[in-house]
Amino acid sequence: MDSAERAVAAYVLNWNGGDAAVACVESILRSTGVVPTVYVVDNDSRDGSPERLTRLLGRDRVIATGGNRGYAGGMNTALEHLRRSGGDVALLITHDVRLMPDALARLLELVRGDANVGIAGPVVVYRERPRRLIGAGGYLRPERLAAGVHREVLEPGPYPVDWLDGCCLLVRREAVEAVGGFDEGYFLYYEDTDIGHRVGRAGWSVVLHPGAVAVHEKYGVPGAYYFHYMVRNRYRFWRKNFGIGPARVGGAVTAETARIAAAWLRALVRSVPAFEEERAESRLRLRRHLHAVVTGTMAYLRGEEGRSAR
């Protein structure tokens, strides 16, 4: 790639990211083989991180959304900024991710080298356990109402997937704009599954690059909001994209509940002290999921969209 092709805009979506947001920006700036221009899209953070990031990048590089617009709204803000600036490709990344130095160059080379690639993404690993994959691309199995992630790399080179983890995406603006951008009705979660499916359905390729690696700060049991949005938005995704009604989706939610309960029971019968943390996490996960089954289902049936009123 020549110097113009190596230039790329990077948008870090921040919400009270603190030190993690600074580390994310710094990891992008350390990227090799590319010339990144880093922006921060801030979702009304109140932890002082916008001020810290302004000192690091400059005032014109921190874009305020004017409120907490969630992932979808924040990334649409980034895409609008990209459009106004005349850019064609952008990295969309959340504040809790750090890129390996060569990751962005690998993704950019993939997108620049194939005009049909609409979205490209890296392998995502745990920060605390970098040998363990969070995911290597996502798949859809409509017959089983499954939207899952590949837990191992499937091929040595780039390969097509149904969707990619929204924590780190290199997107071609033309492809994402062609399907109307991110669906802000989700607010959080499932919007990455949704955009990947819609871009693929529109004829673009969605590709995982196994040589590009992003490190994510996922650990422990997610907060209650995660379970709520995952349940609520599951109904939205399958109805919107496949015409599958709430009765069938509710059955899938029930089956997942049974699996989480079984995991809790397995942890419960392990009396060895070393498994105490596992038992506590399983219990917390089950409690939060059960609560979300009620709140998320009711929110969907009420027609709730965007940020939850709960």
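Visitor: In this model, where is the place of D44?

Guide: The model is a predicted one. In it D44 has a phi near 60°, which is a positive value in a residue other than glycine. With a relative accessibility of 32%, D44 counts as partly exposed. Its place along the chain is in the loop between β2 (35-42) and α3.

Visitor: Which residue, found in the loop between α6 (173-178) and α7, has a positive phi although it is not a glycine?

Guide: Most residues other than glycine have a negative phi. The residue in the loop between α6 and α7 has instead a positive phi of about 75°. Its relative accessibility is 24%, so it counts as partly exposed. The residue is Y189.

Visitor: Which residues does N68 touch, not counting residues up to four places away in sequence?

Guide: N68 has its place in the loop between β3 (62-64) and α4 (70-85), and a polar atom of the N68 side chain lies 3.1 Å from the backbone nitrogen of G70. When residues up to four places away in sequence are not counted, N68 touches W15, N43, D44, F187 and R307.

Visitor: Is D192 buried or exposed?

Guide: D192 is found in helix α7, which spans residues 191-201, and the side chain of D192 makes a polar contact with the side chain of T193 at 3.4 Å. Leaving aside neighbours within four places in sequence, D192 is in contact with W163, L164, D165 and G166. The relative accessibility of D192 is 11%, and because buried means under 20%, D192 counts as buried.

Visitor: How are α2 and α3 oriented, roughly parallel or roughly antiparallel?

Guide: The axes of helix α2 (residues 18-29) and helix α3 (residues 49-57) come within 9 Å and cross at roughly 25°. Angles under 35 degrees count as roughly parallel, so α2 is, relative to α3, roughly parallel.

Visitor: How many nonpolar, polar and charged residues has the contact of α2 with α3?

Guide: The crossing of these two helices, α2 and α3, is right-handed. On the α2 side the residues are G18, D19, A21, V22, V25, E26 and L29, and they meet S49, R52, L53, L56 and L57 in α3. Divided by class, the contact of α2 with α3 has seven nonpolar, two polar and three charged residues.

Visitor: How do the residues of the contact of α7 with α8 divide into nonpolar, polar and charged?

Guide: The axes of α7 and helix α8 (residues 224-242) come within 11 Å and cross at roughly 10°, which makes α7 roughly parallel to α8. In α7, the residues T193, D194, H197, R198 and R201 meet F237, K240, N241 and F242 in α8. By class, the residues of the contact of α7 with α8 divide into two nonpolar, three polar and four charged.

Visitor: What are α8 and α9 to each other, oblique or roughly parallel?

Guide: The axes of α8 and helix α9 (residues 246-268) come within 10 Å and cross at roughly 135°. Angles under 35 degrees count as roughly parallel, over 145 as roughly antiparallel and 65 to 115 as roughly perpendicular. The helices α8 and α9 are therefore, to each other, oblique.

Visitor: Which residues of α8 and α9 make the contact?

Guide: The crossing of α8 and α9 is right-handed. By class, the contact of α8 with α9 has six nonpolar, one polar and three charged residues. From α8 the contact is made by R234, Y235, W238 and R239, and from α9 by P246, V249, G250, A252, V253 and E256.

Visitor: How far apart in space, C-alpha to C-alpha, are L170 and I119?

Guide: L170 has its place in strand β11 (residues 168-172), and with 0% relative accessibility L170 counts as buried. Leaving aside neighbours within four places in sequence, L170 is in contact with residues including V8, V89, L104, V111 and I119. L170 and I119 are 51 residues apart in sequence, while their C-alpha to C-alpha separation in space is 5.7 Å.

Visitor: What separation is there between the C-alpha atoms of E177 and N76?

Guide: E177 lies in helix α6, and with a relative accessible area of 37% E177 is partly exposed. Along the chain E177 and N76 are 101 residues apart, and their C-alpha atoms are separated by 9.6 Å.

Terms used. Residues are numbered from 1 along each chain as its sequence is written. This is a predicted model: local features need pLDDT of at least 70, side-chain atom pairs count only at pLDDT 80 or more; totals for chains, interfaces and linings use all residues. Side-chain values use heavy atoms; hydrogens and water are left out. Helices (H or I, at least four residues) and strands (E, at least two) are DSSP runs, numbered from the N terminus. Buried means under 20% relative accessible area, exposed over 50%, partly exposed in between (1.4 Å probe, protein chains only). A polar contact is a pair of N or O atoms within 3.5 Å; within protein, one must be able to donate a hydrogen and the other to accept it, and residues adjacent in sequence count only if both atoms are side-chain atoms. Contact means heavy atoms within 4.5 Å. Axes are lines fitted to C-alpha atoms, for helices over the stretch in contact, and angles run from 0 to 180 degrees between N-to-C directions. A crossing is left-handed if the near helix is turned anticlockwise from the far one by less than a right angle, and right-handed if clockwise. Ala, Val, Leu, Ile, Met, Phe, Trp, Tyr, Cys and Pro count as nonpolar, Asp, Glu, Lys and Arg as charged, and the others, Gly among them, as polar.
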